[in-house]
Amino acid sequence: MPVTTHALASPADFYRHSLRLLLDKDIPGWIGLWAEDGVMEFPFAPPGRPERLTGRDAIAAYMRHYPDHIDLRDFPEVRIHQTTEPDTIVVEMRAVGRIVESGDPYDMTYIAVVTVRDGRFTSYRDYWNPLALQAPGLDFVRSDAR
């Protein structure tokens with residue numbers, strides 16, 4: 001199936017579409033939104049966790065087992081702010097769901113700085129809370145997929 005782009009969508013609409021794919025657990029579809037040389041960064045990554053993923057393949061490897069660990073149910077709060085750069089947005093959002101391994105609730109607030117060019121993510125800086133890794137079942141980078 002060919003990967004389609006959303007070149008005519010605004011970065012905000014493109015981002016909202018990406019959230020729908022995550023809720024649908026369509027990780028291949030979400031990865032398909034990335035530029036081949038896209039960069040995902042985690043400025044607050046704790047030691048031993050990736051700070052930077054370069055290229056679609058690295059991002060795909062990182063996200064591959066995400067639904068096995070976090071069952072996202074909703075993004076009840078999403079605020080998207082336009083910047084002076086037309087391709088760049090700042091997103092404040094909250095994700096809720098459950099941690100698959102334990103069944104415990106998942107409730108995380110994120111801030112992301114996202115750039116979309118030519119219908120693809122080219123840069124995504126995810127300012128997530130590294131303290132969340134203390135919850136059992138969230139170490140999905142080091143996972144042995146079931």
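**Buried aromatic residues and the sheet around them**

Residue Y124 is buried, with a relative accessible area of 6%. The structure in which Y124 is described is a predicted model, and the paragraphs below place this residue in its surroundings. The protein has 146 residues, of which 43% are buried. Its secondary structure consists of four helices and six strands, which follow one another along the sequence in the pattern α-α-β-β-α-α-β-β-β-β. Of the contacts between residues at least 6 apart in sequence, 54% join residues at least 24 apart. The protein exposes about 8,000 Å², and 52% of this area is supplied by carbon and sulfur atoms.

The six strands form an open sheet with mixed pairing, and their order across the sheet is β2-β1-β6-β5-β4-β3. Strands β2 (52-54) and β3 (70-82) stand at the edges with a single partner strand each, so one side of each has no neighbour in the sheet. From one strand to the next, the twist averages 20 degrees. At the β2 edge, strand β1 (residues 34-41) pairs with β2 in the antiparallel sense over three bridges. Within this part of the sheet, R52 of β2 is the bridge partner of E41.

Two of the helices can be placed relative to these strands. Helix α1 (residues 11-23) packs on the sheet and touches β3, β4 (88-99), β5 (105-117) and β6 (120-127). The direction of α1 makes about 175 degrees with that of β3. Helix α3 (residues 56-63) lies across β1, β2 and β6, and runs at about 60 degrees to β1.

The length of helix α1 was compared with the expected value. At 1.5 Å a residue, the 13 residues of α1 should span 18 Å, and the end C-alpha atoms are 19 Å apart, which agrees. The buried residues of this helix are P11, A12, F14, Y15, S18, L19, L21, L22 and L23. An α-helix has 3.6 residues a turn, so residues three or four places apart point the same way. In α1, residues such as F14 and S18 are among those that are buried, as are Y15 and L19. The buried residues of α1 pack against the helices α2 (27-31) and α3, and against the strands β3, β4, β5 and β6. After α1 comes K25, which has a positive phi, near 60 degrees.

The aromatic residues were examined next. A search of the whole structure finds 10 aromatic pairs. A pair of aromatic rings is described by the distance of the centres and the angle of the planes. W30 and F121 form a tilted pair, with 6.3 Å from centre to centre and 45 degrees between the planes. Because W30 lies in helix α2 and F121 in strand β6, this pair ties together parts that are 91 residues apart in sequence. Both residues are shielded from the surface: W30 is buried, with a relative accessible area of 3%, and F121 is buried at 0%.

Y124 takes part in a tilted pair with W34, in which the centres are 6.2 Å apart and the planes make 35 degrees. W34 lies in strand β1 and Y124 in strand β6, so the pair ties together parts that are 90 residues apart in sequence. W34 is buried, with a relative accessible area of 0%. Ring pairs link F14, Y15, W30, W34, F121 and Y124 into a cluster. Of the members of the cluster, F14 and Y15 are also among the buried residues of α1.

Two residues from the other side of the strand order were also considered. T88 is found in strand β4. With a relative accessible area of 12%, T88 is buried, because this value is under 20%. Apart from neighbours within four places in sequence, T88 is in contact with Q82, T83, V113, V114 and T115. R79 is found in strand β3, one of the two edge strands. R79 is partly exposed, with a relative accessible area of 43%. Again apart from neighbours within four places in sequence, R79 is in contact with V90, V91 and E92. The C-alpha atoms of R79 and R94 are 9.3 Å apart in space, and the two residues are 15 residues apart in sequence.

Notes:
Residues numbered from 1 in each chain as written. Predicted model: local features only at pLDDT ≥ 70, side-chain atom pairs only at ≥ 80, totals over all residues. Heavy atoms only, no water. Pairing = 2+ DSSP bridges. Axes fitted to C-alpha atoms, helices over the stretch in contact; angles between N-to-C directions. Contact = heavy atoms within 4.5 Å. Buried < 20%, exposed > 50% of the residue type's maximum accessible area, 1.4 Å probe, protein only. Expected span 1.5 Å × (residues − 1). Phe/Tyr/Trp six-rings, centres within 6.5 Å; stacked < 30°, edge-to-face > 60°. Areas by Shrake-Rupley, 256 points an atom, 1.4 Å probe, with all protein chains shown as cover.
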